[in-house]
Amino acid sequence: MWQKVIPLIALVLLIVTVTIMNPAFLDPANIMNLLRQISINGLIAFGMTFVILTGGIDLSVGSILALSSAIAAIMMTSGIDPILAVIIGVLLGAVFGALNGILVSKGNLAPFIVTLATMTIFRGLTLVFTDGKPVTGLGDSYAFQLFGKGYFLGIPVPAVTMIIAFVILWFLLHKMSFGRKTYAIGGNEKAAKISGIKVDRVKIFIYSISGMMAALAGMILTSRLNSAQPTAGTSYEMDAIAAVVLGGTSLAGGKGRIAGTFIGVLIIGILNNGMNLLGISSFYQQVVKGVVILIAVLLDRKKS
């Protein structure tokens, strides 16, 4: 119980500290901006939670985000309906994730090596398809612009999308047999196989979820920028992994909660937002984030 409470205490302390240093943090406009900002990392981190719970890791999410976004954007510039292009882009993200899952499970390869390789491959394909240039001229579809820039009942649509994804994945992880299988694989994969769990099938589906969430985040980013950048998603995997670990999920697998990941996402987002409000140089921000990730990993090792 104490391990579950620590991330929440850290979040409250961070909010209090940032508010004292700059009261503008609690301004409603800033809160709405914060929610929009964390939505992308939130979606990626939710998918990453499933992967890490199995004892794996997915370094390719940033590249999947970029590749799926680039393909969707190219389809839009070719005259395909933007909503259809978004759906295809998200499904392609699931396919790219499934490829990771197949290589990890069927190829019996280490997740770190597989996703490191596919991270490079997907990024290279993105540069090939875009010729290294941003894809612009995506049209003026109201529905597509609403996806990244709009509001629903006063809440940014990206934040609403993140919350819906959180609820669905929380239900999948904590209320369905699939979630129990996920924890079982992370706890003891050999025992899971002996008990009759189709480990390979579960892993493929989990990596598909991770890829789909990354692609969905990519669609939001593309809508916000009204363009697809070939460098989009660079280092996003680091923020996602940091959020998952800060939320209490063990890198060894088998222990963690998606609600904890949500808290971790808020911690990373508030840290970024607070440093921007305080006018801290982006160079120092990278240092601070690196220290936070290091502390999170050290705490995880200590718990293990």
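These legends accompany several views of a predicted model.

**Figure 1. The whole chain, with 13 helices and two strands.** The radius of gyration is 19 Å, close to the 19 Å that the globule rule gives for 304 residues, so the chain is as compact as a globular protein of that length. Along its principal axes, the C-alpha trace spans about 55 × 50 × 35 Å. Buried residues account for 51% of the 304 residues. If you look at contacts with a separation of 6 or more, 78% of them join residues 24 or more positions apart.

**Figure 2. Helix H2, residues 28-53.** From first C-alpha to last, the 26 residues of H2 reach 35 Å, close to the 38 Å expected at 1.5 Å a residue. Follow the helix along and you will meet a bend of about 35 degrees at Ser39. H2 is mostly covered, with 19 of its 26 residues buried.

**Figure 3. The two ends of H2.** At the start of the helix, Asp27 brings a side-chain oxygen to within 3.0 Å of the backbone nitrogen of Ala29. Just after H2 comes Gly55, whose phi is positive, at about 90 degrees.

**Figure 4. Phe50 and the largest nonpolar core.** This core has 80 residues, and the ones touching the most other members are Leu43, Phe50 and Leu169. Two of these, Leu43 and Phe50, belong to H2, which covers residues 28-53. Zooming in on Phe50, and setting aside neighbours within four places in sequence, its contacts are Leu169, Leu172, Leu173, Phe178, Thr182, Ile206, Ile209 and Ile258. Leu169 thus appears both in this list and among the three core residues named above.

Definitions and conventions: Residues numbered from 1 in each chain as written. Predicted model: local features only at pLDDT ≥ 70, side-chain atom pairs only at ≥ 80, totals over all residues. Heavy atoms only, no water. Helix = DSSP H or I, 4+ residues; strand = E, 2+ residues; numbered from the N terminus. Expected span 1.5 Å × (residues − 1). Bend = angle between axes of the 7 residues up to and from the residue. Buried < 20%, exposed > 50% of the residue type's maximum accessible area, 1.4 Å probe, protein only. Polar contact = N/O pair within 3.5 Å; in protein donor to acceptor, adjacent residues only side chain to side chain. Core = buried A, V, L, I, M, F, W, Y, C linked by side-chain atoms within 4.5 Å. Contact = heavy atoms within 4.5 Å. Rg over C-alpha atoms; globule rule 2.2 N^0.38 Å.
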